[in-house]
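Trainee: Could you take me through one part of this model slowly? I'd like to see how a small piece is put together before I look at the rest.

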Amino acid sequence: MKRYTTGLSNLDKLIGGGLPEHTVTLLSGNAGTGKTLFALNFLLAGAKKGEKGVFVSLNEGKGDLLRACDGIAQLKPIRKYLNKSILIQEIDLEEVIDLEYFTKIFEKYSNVDRVAIDNVNKLLLFSNGDKDYRINLSRVIKNLRANVGSSLLLCETLDHTLDTNRGETYEADGVINLSFLEVEEKPSRTLEITKMRYTPFDAYVQHELSISKKGLKLTKAKFI
Amino acid sequence: MYPMAKLKGIELEDDHFLVSFRISKREYDLFKHGNKHFLLVPLSGMYNQLTIGTLGNSYRLMLPKKFLKEHGIAEDKLPKKADAGVFSIGGEKYLTVRISSSTLGEPQFEGE
């Protein structure tokens, strides 16, 4: 099975070389845990290999995202690939694009290798109740799985939860959770894999994810 | 009978007229996510030009080639079956055809 590098070599090693082809991975975590930077790094890693990626932003504007990349050496080269192999699509849900249209857009992503949607919570905001949200979420995932090489679905969660409690972890093929852990009174970013279809992995082991001016780095299990 | 578009106002902006309509959900479904590649023609002056034919169990309105040429609509870009509707505005009927689908939100990479 073809694997898509996550952009973090140590994470790739933990999941058999990368994210499995035609799967959708939920990247969940509290605000500030590094989901957006992780996703941008994921797209950049693909672009370096000649793959095409789209960052679908329902949250931040293109300018803000690029400014965040400019502050991190590892992510700076994203500008070089912009529009050629990395697109940042700002989507104004319900003001410009309605939910039904949005869920169908991904049927037309067959020329795309990687997609990151930031974030799934916006989908929830514009759905009529939990049932409608689950249906829309399922449609988005189905279309991504069928058309795109590897996709990340970003999900903002509250402390110690893996999703919004509306079935995201069940619908997705994989779940990577980012969180904060206080070690010796100093908060550290952690990453744990809790689900990854077609892949043997060690579940619920927390690894340290460091984000510095140099870039993103995953170090082997430090906290157990 | 579906509710039809209502004229809300006409304003002059530079050398253009800005016409605002209040439209129904059905009409919105025809326009949504696209703001160009529409054909809006008053039917009163078209009766002699339009052709009606049947395709399967339903009727089809056909636009003559001459009309398309006159208005610079390239035949090769027209879908075989286009979404269309008849709007009634102030007693006048208008035929609206979406001659190209919206590509809003679809990935368009440079050089493709």
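Trainee: Let's zoom in on β6(B) and β7(B): how many residues lie between them in the hairpin, and which residue in the turn has a positive phi?

Mentor: Keep in mind as we go that this is a predicted model. The hairpin made by β6(B) and β7(B) has 2 residues between its strands, and the turn residue with a positive phi, about 55°, is B:Gly90. Now follow the two arms. Strand β7 of chain B covers residues 92-98, runs antiparallel to β6(B), and is joined to β6(B) by 6 bridges. You can pick out individual partners on your screen. B:Gly85 has B:Thr96 of β7(B) as its bridge partner, and B:Val86 stands opposite B:Leu95, again in β7(B).

Next, look at the other neighbour of this hairpin. β3(B) also runs antiparallel to β7(B), and 5 bridges join those two. One partnership to find is B:Pro42 with B:Tyr94 of β7(B). Put the pieces together and you get an open sheet of 3 strands in chain B, in the order β3-β7-β6, paired antiparallel. Its edge strands are β3 (38-42) and β6 (84-89), each of which pairs on one side only. From one strand to the next, the twist averages 25°.

Let's step off the end of β3. The loop between β3 and β4 (51-55) of chain B is where you'll find B:Gly45. Is B:Gly45 buried or exposed? It counts as exposed because just 8 other C-beta atoms lie within 10 Å, and the cut-off for exposed is 12 or fewer. Now jump from B:Gly45 to B:Tyr94, the strand residue we met as the partner of B:Pro42. B:Gly45 and B:Tyr94 sit 49 residues apart in sequence, yet their C-alpha atoms are 10.0 Å apart in space.

Zoom out to the whole chain for a moment. Chain B has 2 helices and 7 strands, and from the N terminus its elements go β-β-α-β-β-β-α-β-β. Of its 112 residues, 4% are buried. If you take the contacts in chain B with a separation of 6 or more, 46% are between residues 24 or more positions apart.

Chain B also touches chain A: 9 residues of chain B are in contact with 16 residues of chain A. The chain B side of that meeting splits into 3 nonpolar, 3 polar and 3 charged residues.

Since we've arrived at chain A, have a look at its helix α2 (residues 35-48). This helix has 14 residues and reaches 20 Å from first C-alpha to last, close to the 20 Å expected at 1.5 Å a residue. α2(A) is mostly covered, with 13 of its 14 residues buried. After the helix comes A:Gly50, with a positive phi near 85°. The largest nonpolar core has 62 residues, and those with the most contacts inside it are A:Ala39, A:Leu40, A:Ala116 and A:Leu153. α2(A) gives this core its largest share, 9 residues. Try A:Leu40 as a closing exercise: beyond its neighbours within four places in sequence, A:Leu40 is in contact with A:Phe55, A:Leu65, A:Cys69, A:Leu75 and A:Ile78.

Note on methods: Residues numbered from 1 in each chain as written. Chains lettered and ligands numbered in written order. Predicted model: local features only at pLDDT ≥ 70, side-chain atom pairs only at ≥ 80, totals over all residues. Contact = placed C-beta atoms within 7 Å. Nonpolar A, V, L, I, M, F, W, Y, C, P; charged D, E, K, R; others polar. Pairing = 2+ DSSP bridges. Helix = DSSP H or I, 4+ residues; strand = E, 2+ residues; numbered from the N terminus. Axes fitted to C-alpha atoms, helices over the stretch in contact; angles between N-to-C directions. Buried ≥ 20, exposed ≤ 12 C-beta atoms within 10 Å, placed from the backbone. Expected span 1.5 Å × (residues − 1). Core = buried A, V, L, I, M, F, W, Y, C linked by C-beta atoms within 7 Å.
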